[in-house]
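How can a reader find a way through a protein fold without getting lost? Please look over the sequence and the structure shown here, and then follow the paragraphs below them.

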Amino acid sequence: GQKVALEPDVRKYHVVLPEPSMEDQRADADRLLRVVGQGDATLSLAVLKDLPSRLRKAKYNVTAVIAGDSVLDVEDGDTTKDNYGMAFDIGTTTVVGMLLNLHDGRELAVAARGNPQVAHGDDVVNRIGFASEGIEGRRVLQHAVIDCMNEILDECCRSANVEASSIYEVTV
């Protein structure tokens with residue numbers, strides 16, 4: 001596929017951390033953030049609770065996944081090249097999705113579907129009218145397009161042999 005110039009918010013840092021010792025008794029989170037060079041970053045409770053066991057299981061050889069100033073995940077080994085994003089174009093009649101490798105900018109897969117919102121209006125004005133009738137109309141339109149996007153994402157992942165859990169950014 002073609003290469004696209006990217007500036008992803010998600011960054012991956014592969015590190016081999018020093019193991020705790022009598023001389024170095026810092027908390028695992030502090031050890032990780034210092035070696036990654038992101039000392040002010042925060043870790044979610046989900047990442048924090050699994051961090052000690054994950055670090056030990058991986059023998060302290062991990063990849064930190066960071067978005068902005070937040071650690072999203074810690075993966076075993078070097079997964080820096082497994083950083084993916086999806087770009088969606090939601091048009092009036094068609095929804096198109098593109099799976100991109102955020103590490104090198106390569107386009108890995110493209111898939112498209114008819115926009116299922118067409119069932120509730122051929123054009124945007126009719127859909128706005130449908131959505132204006134109440135919260136249920138808005139939910140119907142939202143769920144229709146989200147289901148369509150998930151189908152496209154699944155198809156792209158199968159086509160490129162990429163795990164959906166490795167997709168860290170989505171642009172719509």
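The paragraphs that follow go through the sheets, the nonpolar cores and one buried residue.

This is a predicted model, in which local features need pLDDT of at least 70 and side-chain atom pairs count only at pLDDT 80 or more, whereas totals for chains, interfaces and linings use all residues. Residues are numbered from 1 along each chain as its sequence is written, and side-chain values use heavy atoms, with hydrogens and water left out.

Helices (H or I, at least four residues) and strands (E, at least two) are DSSP runs, numbered from the N terminus. One open sheet of 4 strands has the order β1-β3-β4-β2, with mixed pairing, where two strands pair if DSSP finds at least two bridges between them. At its edges stand β1 (10-16) and β2 (42-43), each with a single partner strand, so one side of each is left without a neighbour in the sheet. The pairing of β2 with β4 is parallel, over 2 bridges, and here Leu-43 stands opposite Val-71 in β4. Helix α2 (residues 45-57) lies across β2, β3 (61-67) and β4, at about 25 degrees to β4; axes are lines fitted to C-alpha atoms, for helices over the stretch in contact, and angles run from 0 to 180 degrees between N-to-C directions.

Another open sheet of 4 strands has the order β7-β6-β5-β8, again with mixed pairing, and its edge strands are β7 (107-114) and β8 (167-171). Strand β6 (residues 94-101) pairs with β7 in the antiparallel sense over 7 bridges.

In soluble globular proteins, nonpolar side chains tend to be buried together. A nonpolar core is a set of buried Ala, Val, Leu, Ile, Met, Phe, Trp, Tyr and Cys residues joined through side-chain atoms within 4.5 Å, and buried means under 20% relative accessible area, found with a 1.4 Å probe and protein chains only. The largest core has 18 residues, and among those that touch the most other members are Leu-43, Val-71 and Val-74. The elements α1 (28-36), α2, β3 and β4 each supply at least two residues of this core, and α1 gives the most, with 4 residues. A second, separate core of 16 residues includes Leu-99 and Val-145.

Is Glu-75 buried or exposed? This residue of strand β4 (residues 70-76) counts as buried, because its relative accessibility is 11%. Its side chain makes polar contacts (pairs of N or O atoms within 3.5 Å; within protein, one must be able to donate a hydrogen and the other to accept it, and residues adjacent in sequence count only if both atoms are side-chain atoms) with the side chains of Lys-12, at 2.8 Å, and Tyr-168, at 2.4 Å.

Methods:
Buried < 20%, exposed > 50% of the residue type's maximum accessible area, 1.4 Å probe, protein only. Contact = heavy atoms within 4.5 Å.
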